[in-house]
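Thanks for sharing this one. I have put my remarks into numbered points, so you can follow them with the model open beside you.

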Amino acid sequence: MAADRPAARLADELVDHRFKALPPDAEGLTVGALAAERRDLFTGGFTTPVLALSAESVEHNLVLLESYAERHGLAFAPHGKTSMSPQLFDRQLEHGAWGITAAVPHQARVYRAYGVQRIFLANELVDAAALRWLAGELDRDPEFRFVCYVDSARGVELMDEALRAAGASRPVDVVVELGAGEGARTGARTEADCAAVADAVAATGTLRLVGVAGYEGEVPDASGERVREWLRRLVALAVSFDRAGRFAASGAADDGIVISAGGSAWFDAVADVFAGIPDLSGPVLKLLRSGAYVSHDDGHYRHLTPFNRVPGEGALRPAFRLWAQVVSRPSAEQAFLNAGKRDAAYDLDLPQAQVVRSGRDGTVRPATGITVSGLSDQHTWVRTEPGAELEVGDWVGMGLSHPCTSFDKWQLIPLVAADGTVTDYIRTFF
């Protein structure tokens with residue numbers, strides 16, 4: 001990360017009681033000074049539980065999605081809500097990202113505080129206070145690019161009122177969101193509804209229609225063909241809007257006509273369908289928004305990743321490992337670790353015991369016969385099969401499911417090389 005990037009300031013933050021698992025004897029050091037010591041995760045004074053992020057896996061995943069997007073002619077605005085880490089945003093931008101996607105105003109404010117110049121907010125923004133802030137940011141920085149969803153005439157009305165009250169001098173770029181179907185999440189449900197929203201945008205002087213977007217992950221009973229069918233509807237909507245002069249009438253967008261989709265489960269379908277976008281009246285920004293790739297996982301996204309369907313394109317690597325210590329071994333069939341719901345994601349799957357590091361001599365072995373069976377607030381319930389090696393004091397390394405709820409439980413996460421050396425600390429803002 002370049003020293004002149006705002007995220008570099010995070011190295012000046014003091015290490016103290018706010019940050020779980022950091023060595024007690026590092027109290028009062030700056031994060032940068034602690035990183036420079038290159039301590040060992042297991043012998044350097046870290047307390048358990050401690051979440052580690054693999055430096056090699058993160059780098060691999062960044063390179064893989066960069067090359068995937070380039071190969072398929074896609075621009076890329078990874079969803080920042082996954083990590084909420086300015087350091088990782090910088091890494092993603094260095095690896096070719098067009099910008100960073102947000103979901104709510106707080107996230108956009110974090111991005112701006114750390115110098116993100118292009119933000120795609122995948123939601124309709126109707127909060128008057130947030131729109132006042134946005135108008136100020138757009139006025140203050142002519143290079144700042146912001147795009148958000150609109151999916152209702154009422155939403156357009158609220159945006160227009162707030163922006164006019166704020167005295168906004170630059171129009172806010174918007175894309176009409178096409179809903180993924182009845183019973184899905186947000187978005188105008190039909191093409192006629194989308195046209196009505198576009199008409200409402202055209203009647204304002206504060207908004208500029210620059211494209212269409214949506215989220216294919218909400219397609220009911222999603223399958224490859226159902227997702228592609230919806231994506232073809234999205235492309236057809238863009239084509240019909242372009243032929244009707246809706247984009248030209250609002251002025252050419254800085255990056256062309258925006259057509260955006262792509263979560264972490266179906267970006268292969270997005271690449272397929274977007275490859276067939278016909279020529280429009282101007283250049284097209286084919287914008288993918290997948291976010292979970294940066295850390296991947298050992299559960300939900302391991303099963304859902306499109307790379308399972310297109311193995312020739314590569315494979316993501318899970319980067320998280322939560323280390324906890326055996327604090328109780330009350331029977332031959334049961335053990336308890338000192339990590340719980342406050343430390344591990346559990347909304348989709350329980351953690352998976354992967355390896356055991358001996359508390360006696362530091363040797364590492366597979367977690368054979370050891371299964372996580374439940375979580376309390378501060379304990380992991382472990383079931384052990386006959387003959388399983390596990391004793392009080394051992395460290396158990398666990399894989400996690402769902403990156404979004406793994407990152408948000410830790411404010412400062414050690415970035416760890418394969419040999420156990422902590423090379424940096426990843427700051428999050430949730």
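**Notes on helix packing, cores and backbone**

1. Let me begin with α4 and α5, which pack at an angle of about 25 degrees, their axes being 11 Å apart. Please keep in mind throughout that this is a predicted model. Angles under 35 degrees count as roughly parallel, and α4 and α5 are therefore roughly parallel to each other. Their crossing is left-handed. On the α4 side P105, A108, R109 and R112 take part, and they meet A130, W133, E137 and R140 of α5. Sorted by class, this contact has 4 nonpolar and 4 charged residues, with no polar ones.

2. Staying with α4, which of its residues are buried? Within this helix, residues 105-113, they are Q107, A108, V110, Y111 and R112. The cover over these buried residues includes α3 (86-94), β3 (100-102), β4 (118-124) and α5 (128-140). After α4 comes G115, with a positive phi near 85 degrees.

3. A second helix pair worth a look is α8 (residues 224-243) with α10 (residues 267-274), packed at an angle of about 45 degrees with axes 10 Å apart. α8 and α10 are therefore oblique to each other, and the crossing of α8 and α10 is right-handed. From α8 the contact draws on V227, R228, L231, R232, L234 and V235, while α10 brings D268, A269, V270, D272, V273 and F274. The class count for α8 with α10 is 8 nonpolar and 4 charged residues, and no polar ones.

4. F274 of α10, just named in that contact, turns up again in the largest nonpolar core. That core has 129 residues, and F146, V172 and F274 touch the most other members. The helix that gives the most to this core is α8, with 9 residues. Apart from it lies another core of 13 residues, including A75, W98, V147 and L287.

5. What does V172 touch, once residues up to four places away in sequence are not counted? The list is L134, L138, F146, C148, M159, L163, T206, L207 and R208. F146 is thus on this list, and F146 is also one of the residues with the most contacts to other core members.

6. For a long-range contact, I would turn to A55, in helix α2 (residues 55-71). A55 and A418 are 363 residues apart along the chain, yet 7.6 Å separates their C-alpha atoms. Leaving aside neighbours within four places in sequence, A55 is in contact with L415, V416, A417 and T423.

7. Some backbone details may be worth your attention. The peptide bond from T48 to P49 is cis, with omega near 0 degrees. P49 sits in the loop between α1 (31-37) and β1 (50-54).

8. Lastly, two residues that are not glycines have a positive phi. One is A21, at about 80 degrees, which lies in the segment before α1. The other is M84, at about 45 degrees, found in the loop between β2 (75-76) and α3. Are these residues buried or exposed? A21 is buried, with a relative accessible area of 9%, and M84 is buried too, with a relative accessible area of 1%. The cut-off behind that word is under 20% relative accessible area.

Note on methods: Residues are numbered from 1 along each chain as its sequence is written. This is a predicted model: local features need pLDDT of at least 70, side-chain atom pairs count only at pLDDT 80 or more; totals for chains, interfaces and linings use all residues. Side-chain values use heavy atoms; hydrogens and water are left out. Axes are lines fitted to C-alpha atoms, for helices over the stretch in contact, and angles run from 0 to 180 degrees between N-to-C directions. Helices (H or I, at least four residues) and strands (E, at least two) are DSSP runs, numbered from the N terminus. Angles under 35 degrees count as roughly parallel, over 145 as roughly antiparallel, 65 to 115 as roughly perpendicular and the rest as oblique. A crossing is left-handed if the near helix is turned anticlockwise from the far one by less than a right angle, and right-handed if clockwise. Contact means heavy atoms within 4.5 Å. Ala, Val, Leu, Ile, Met, Phe, Trp, Tyr, Cys and Pro count as nonpolar, Asp, Glu, Lys and Arg as charged, and the others, Gly among them, as polar. Buried means under 20% relative accessible area, exposed over 50%, partly exposed in between (1.4 Å probe, protein chains only). A nonpolar core is a set of buried Ala, Val, Leu, Ile, Met, Phe, Trp, Tyr and Cys residues joined through side-chain atoms within 4.5 Å.
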